[in-house]
Amino acid sequence: MIDSGATAFVLICTAMVMLMTPGVGLFYGGLVRRKNFISMIALAFIAFAVVALQWVIFGYSLAFGSDIGGLIGNLDYVFLHGVGMDGDGIPDLLFMVFQLVFAGLTLAIVTSAVAERVKLSSFIIFGLLWTTLVYDPLAHWAWGGGWAAQLGALDFAGGTVVHISSGFSALALALVIGKRVGFGQYSMEPHNIPMTLLGGALLWFGWFGFNAGSALAADGLAANAFVVTIIAAAAGALAWLFAAWIRGKPSSVGMISGALAGLVAITPAAGFVDPMASIAIGAVAGIICYWALLFRMRKGLDESLDAWAVHGVGGFWGALATGIFAVAAVGGVDGLLYGNLGQFVIQLVDAAVVVLYAFVVTFVLAKVVDTALGLRVSEEEEYVGLDIAQHGESTQL
Amino acid sequence: MKMVTAIIRPEKFDSVKSALEASGIYGMTISEVRGRGAQKGISLQFRGKTVPVDLIPKMKIEMVVKSAEVDEVIRIIREHGRTGKFGDGRVFVMPIETMCKVRTDEVDPVDQ
């Protein structure tokens with residue numbers, strides 16, 4: 001039975017989540033040097049387009065087809081066979097496309113790792129393989145009836161599937177592709193901070209669709225998810241801002257990164273925790289993600305735009321925080337704080353397995369693509385910038 | 001006094017600036033410019049096709065320094081701005097006829 005209110009709501013949420021992908025592009029585009037501005041935004045759009053087609057052809061079926069051994073879905077829904085206008089509350093087609101926009105966004109986040117140096121053709125091949133071998137199984141584990149769901153792991157809107165997976169995959173990919181020429185030697189300051197703030201604003205806005213929409217109904221649970229999303233983002237923004245202030249200046253890039261850290265951390269918890277818990281979840285996320293960024297810089301890792309620090313580490317914290325702060329009155333499950341140690345352990349196991357799976361599979365996949373096709377542009381192309389080298393376009397003429 | 005104009009790689013600017021500072025030379029005006037030298041830019045190869053990219057972004061530094069400091073300034077720019085590859089840039093030195101501060105009415109004496 002189709003519920004028209006729920007359908008209207010999820011349609012709008014889907015469109016909001018779609019806007020997050022170019023939002024990531026603008027966020028990242030502002031952080032790179034001017035010669036790679038177009039490339040960074042284009043990578044996000046291209047990631048979305050590649051995943052959208054993969055998803056309707058077979059990705060959706062791998063994620064949400066009938067379970068095979070807890071690991072992957074079967075091929076029942078290939079080419080959207082049997083996915084129609086009927087459904088439980090919302091049309092099956094709408095659920096499919098709501099999930100599609102999540103999958104596209106996730107690959108866009110991974111582009112952080114290859115900023116300013118990736119060969120576009122190889123990225124397209126890598127992206128297609130990554131979304132098939134990493135994203136689709138993870139979506140199945142959490143939401144498609146896989147082992148994590150069977151175990152009772154909680155992931156409301158994609159803490160493991162979207163954020164831990166993109167963050168730790170970005171780290172693995174960055175290790176394979178290597179540092180940018182001159183990384184650590186000369187300045188690679190963001191060239192357009194207002195663009196990054198605009199991208200961050202679009203992400204924050206779209207995140208309401210991301211989290212509230214994951215209720216799949218226009219109901220109280222959606223309202224709870226909406227409210228905790230606002231709070232966690234605000235707490236994360238201020239926490240990172242103040243942490244950065246202590247070390248120097250309260251940078252606006254830090255503030256918006258903190259907001260994203262809070263949004264990431266509240267994502268798995270949005271349907272399970274109450275508003276006051278979300279202050280703690282967001283604030284802690286702002287601080288540990290900032291710490292993770294400093295750690296990455298100290299180690300000289302060029303995971304260029306901090307998908308690992310913000311999405312990976314923030315997602316990991318969010319998965320644990322769900323197990324700590326979950327309260328039965330919101331989502332029907334209690335966490336550690338309310339005496340349910342078991343849930344916390346399940347969250348820890350789920351998050352740890354996803355970290356390991358995403359990192360290892362991505363590392364191997366990136367090595368294979370690098371060996372076969374070369375992931376990286378030539379040094380001269382990198383010097384000239386990917387806008388001209390890969391797209392034949394420039395913001396500088 | 002002399003005007004030293006240096007065209008260098010943008011990514012080398014920070015190290016050139018710090019080295020100049022370490023030698024007590026602070027005053028400078030910079031601009032982001034685009035240009036090409038004898039190599040006519042860079043040629044990228046795409047599947048057998050050559051795509052020329054000329055007018056590469058560069059940084060222009062203009063400094064007015066005492067004549068006695070010119071050699072030191074040139075040495076610093078060459079040492080800290082060099083990669084050894086095509087496109088490291090040029091340094092030009094020109095005489096200064098007059099110099100006056102806008103804030104005051106005085107005209108600074110110009111050494112010869």
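These are legends for close-up views of a predicted two-chain model, starting with the chains as wholes and then zooming in on single residues.

**View 1. Chain A, a bundle of helices with few strands.** Chain A has 15 helices and 2 strands. Its radius of gyration is 20 Å, close to the 21 Å that the globule rule gives for 397 residues, so chain A is as compact as a globular protein of that length. If you box up the C-alpha atoms along the principal axes, you get roughly 55 × 50 × 35 Å. Buried residues make up 61% of the chain. Take the contacts in chain A with a separation of 6 or more: 78% of them link residues 24 or more positions apart. As for the outside, chain A exposes about 14,100 Å², and carbon and sulfur atoms supply 71% of that. The chain carries 14 positive and 24 negative charges, and the mean positions of the two sets sit 20 Å apart.

**View 2. Chain B, with 2 helices and 8 strands.** Reading from the N terminus, the elements go β-α-β-β-β-β-α-β-β-β. A compact globule of 112 residues would have a radius of gyration near 13 Å, but chain B comes in at 17 Å. Its C-alpha trace spans about 60 × 25 × 25 Å along the principal axes. Here buried residues account for 29% of the 112. Of the contacts between residues at least 6 apart in sequence, 72% join residues at least 24 apart. The accessible surface is about 7,400 Å², with 52% belonging to carbon and sulfur atoms. Chain B has 19 positive and 16 negative charges, whose mean positions are 12 Å apart.

**View 3. The largest nonpolar core and Phe210(A).** This core has 124 residues, and the members that touch the most others are Trp55(A), Phe126(A), Tyr135(A), Phe210(A) and Ile281(A). Which helix gives the core its largest share? That would be helix α3 (residues 92-110) of chain A, with 13 residues. A second, separate core has 16 residues, including Ala6(B), Val16(B), Ala19(B) and Val73(B). Nonpolar side chains tend to be buried together in soluble globular proteins. Zoom in on Phe210(A) and, beyond the residues up to four places away in sequence, you find contacts with Val17(A), Met20(A), Phe98(A), Phe102(A), Leu105(A), Ala157(A), Val162(A), His163(A) and Thr267(A).

**View 4. Trp317(A) in helix α11.** Trp317(A) sits in helix α11 (residues 307-325) of chain A. Is this tryptophan buried or exposed? Its relative accessibility is 14%, so Trp317(A) counts as buried, the cut-off being under 20%. Skipping residues up to four places away, Trp317(A) touches Ala265(A), Ala280(A), Ile281(A), Val284(A), Ala285(A), Ile288(A), Ile324(A) and Phe325(A). Among those partners is Ile281(A), one of the residues picked out in View 3 for touching the most other core members. For a sense of scale, the C-alpha atoms of Trp317(A) and Ile38(A), 279 residues apart along the chain, are separated by 33 Å.

**View 5. Gln347(A), a glutamine tucked away in helix α13.** Gln347(A) belongs to helix α13 (residues 341-373) of chain A. With a relative accessible area of 1%, Gln347(A) is buried. Who lines up against this side of the helix? Leaving aside neighbours within four places in sequence, Gln347(A) is in contact with Gly152(A), Ala153(A), Leu154(A), Ala319(A), Leu320(A), Thr322(A) and Gly323(A).

**View 6. Asp302(A), a buried loop residue.** Asp302(A) lies in the loop between α10 (275-298) and α11 of chain A. Its relative accessible area is 4%, so Asp302(A) is buried. Residues up to four places away aside, its contacts are Ala113(A), Arg117(A), Ala174(A), Lys179(A), Arg180(A), Phe183(A) and Arg296(A).

**View 7. Two loop residues with positive phi, Leu80(A) and Glu116(A).** Leu80(A) has a phi of about 60° although it is not a glycine. You'll find Leu80(A) in the loop between β2 (72-73) and α3 of chain A. Leu80(A) is partly exposed, at 21% relative accessible area. Glu116(A), also not a glycine, has a positive phi of about 75°. Glu116(A) is in the loop between α3 and α4 (120-143) of chain A. Glu116(A) counts as buried, at 1% relative accessibility.

Definitions and conventions:
Residues numbered from 1 in each chain as written. Chains lettered and ligands numbered in written order. Predicted model: local features only at pLDDT ≥ 70, side-chain atom pairs only at ≥ 80, totals over all residues. Heavy atoms only, no water. Core = buried A, V, L, I, M, F, W, Y, C linked by side-chain atoms within 4.5 Å. Buried < 20%, exposed > 50% of the residue type's maximum accessible area, 1.4 Å probe, protein only. Helix = DSSP H or I, 4+ residues; strand = E, 2+ residues; numbered from the N terminus. Contact = heavy atoms within 4.5 Å. Rg over C-alpha atoms; globule rule 2.2 N^0.38 Å. Areas by Shrake-Rupley, 256 points an atom, 1.4 Å probe, with all protein chains shown as cover. Lys, Arg positive; Asp, Glu negative; His and termini not counted. Charge placed at Lys NZ, Arg CZ, Asp CG, Glu CD.
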